[in-house]
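This report describes the strand and helix arrangement of one protein chain, together with selected side-chain contacts. Please read it alongside the sequence and the structure shown here.

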Amino acid sequence: MFKNKKTHNKYSLKLKQSNHVLHCGRFGIKSLSFSRLTETQLNALQWSILKKLKKLSSNKKTFRFWTILSLNLALTKLNLESRMGKGKGSIYTHAVYIRPGMTLFEFDNITEHQMKDLFKYILKKISFQIILTKSLI
C-alpha cells in the first residue's frame, strides 16, 4: 500500500491538452464549467451510467465505456473541537477538480440514438454543465 500525500493546491496551472481530445471512444462527455467530484460521487455516477447502458443496449457485452478522470486530490478533515495549530488533519476521501473542456467519459459501440438517451440521463445526475462530443473519425 502506498502512502497518500496531503495536497495543498487545487489543480495544476497547466492545461493538459491530452484531456481535451477523444482517444478511446466514438462519443465523449465534456464539462463546460468548473466543479469538483469526490470519490463516492464518481463511483455512484459510473455505476448509474453502466446500469443505464445495460438497459439501453440489447447485447450486454457490445458497448465500451471509459472513465478518463483520475482522482488527484486528497481531502483532509480535522475534528470540530480541535484547537488551531494541530496540523492539517487526516485524509477522509479523494477528489478531482474538473475544468471546462475536460473529457469525463468516453463511449464506443453504441448508436447515436442510444448516446442521446444516455446523455439526457447523465445530465440529470450531474450538478454541472456538460456537452456531448463526437469524434471526427
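Contact here means that heavy atoms lie within 4.5 Å. With that meaning, and leaving out residues up to four places away in sequence, Thr-67 touches Leu-42, Gln-46, Leu-104 and Phe-105. The structure is a predicted model, and every value below is computed from it.

**Thr-67 and its surroundings**

Thr-67 belongs to strand β3. Its relative accessibility is 28%, and because buried means under 20% and exposed over 50%, Thr-67 counts as partly exposed. One of its contacts, Leu-104, is 37 residues away along the chain, yet the C-alpha atoms of Thr-67 and Leu-104 are separated by 6.3 Å.

**The sheet of four strands**

Strand β3 is part of an open sheet of 4 strands, whose order is β3-β6-β1-β7 and whose pairing is antiparallel. The edges are formed by β3 (64–67) and β7 (130–134); each has a single partner strand, so one side of each is left without a neighbour in the sheet. On average, and with direction ignored, neighbouring strands of this sheet are turned by 20° against each other.

As a general point, strands of a sheet pair through backbone hydrogen bonds, either parallel or antiparallel. In the present sheet, strand β1 (residues 27–31) pairs with β7 in the antiparallel sense over 5 bridges. Within this pairing, Phe-27 has Lys-134 of β7 as its bridge partner, and Ile-29 stands opposite Leu-132 in β7. Strand β1 is also joined to β6 by 4 bridges, again with an antiparallel run; there, Gly-28 has Glu-106 of β6 as its bridge partner.

How many of the residues of β1 are buried? The count is 5 of 5, and the strand is mostly covered. Phe-27, Ile-29 and Ser-31 point one way from β1, whereas Gly-28 and Lys-30 point the other way; all of them are buried.

Helix α2 (residues 112–125) lies across β1, β6 (103–108) and β7. The helix runs at about 165° to β7.

**The sheet of three strands**

A further open sheet is formed by 3 strands in the order β2-β5-β4, with antiparallel pairing. Here β2 (35–38) and β4 (73–77) stand at the edges, and each has a single partner strand, so one side of each is left without a neighbour in the sheet. Neighbouring strands of this sheet are turned by 45° against each other on average, direction ignored.

Strand β2 and strand β5 (residues 90–98) run antiparallel and are joined by 4 bridges. Ser-35 has Ile-98 of β5 as its bridge partner. Helix α1 (residues 39–56) lies across β2 and β5, and runs at about 80° to β2.

**Side-chain pairs**

The table lists three side-chain pairs with their distances.

| Pair | Kind | Distance |
|---|---|---|
| Phe-65 and Phe-107 | stacked aromatic pair | 5.3 Å, centre to centre |
| Lys-77 and Tyr-92 | Lys-77 over the ring face | 4.7 Å from the ring centre |
| Lys-134 and Glu-112 | salt bridge | 3.1 Å, closest N and O atoms |

The count of aromatic pairs comes to 2. One of them is the pair of Phe-65 and Phe-107, with 15° between the ring planes. Phe-65 lies in strand β3 and Phe-107 in strand β6, so this pair ties together parts that are 42 residues apart in sequence. Phe-107 counts as buried, because its relative accessibility is 0%. Phe-65, Phe-105 and Phe-107 form one aromatic cluster; Phe-105 is also among the residues that Thr-67 touches.

The count of salt bridges comes to 1, and the partners are Lys-134 and Glu-112. Which parts of the chain does the pair link? Lys-134 is in strand β7 and Glu-112 in helix α2, 22 residues apart. Lys-134 has a relative accessible area of 46% and is therefore partly exposed. Glu-112 likewise counts as partly exposed, at 35% relative accessibility. Lys-134 thus takes part both in this salt bridge and, as the bridge partner of Phe-27, in the pairing of β1 with β7.

Conventions. Residues numbered from 1 in each chain as written. Predicted model: local features only at pLDDT ≥ 70, side-chain atom pairs only at ≥ 80, totals over all residues. Heavy atoms only, no water. Pairing = 2+ DSSP bridges. Helix = DSSP H or I, 4+ residues; strand = E, 2+ residues; numbered from the N terminus. Axes fitted to C-alpha atoms, helices over the stretch in contact; angles between N-to-C directions. Phe/Tyr/Trp six-rings, centres within 6.5 Å; stacked < 30°, edge-to-face > 60°. Buried < 20%, exposed > 50% of the residue type's maximum accessible area, 1.4 Å probe, protein only. Lys NZ or Arg CZ within 6 Å of the ring centre and 35° of its normal. Salt bridge = Lys/Arg side-chain N within 4 Å of Asp/Glu carboxyl O.
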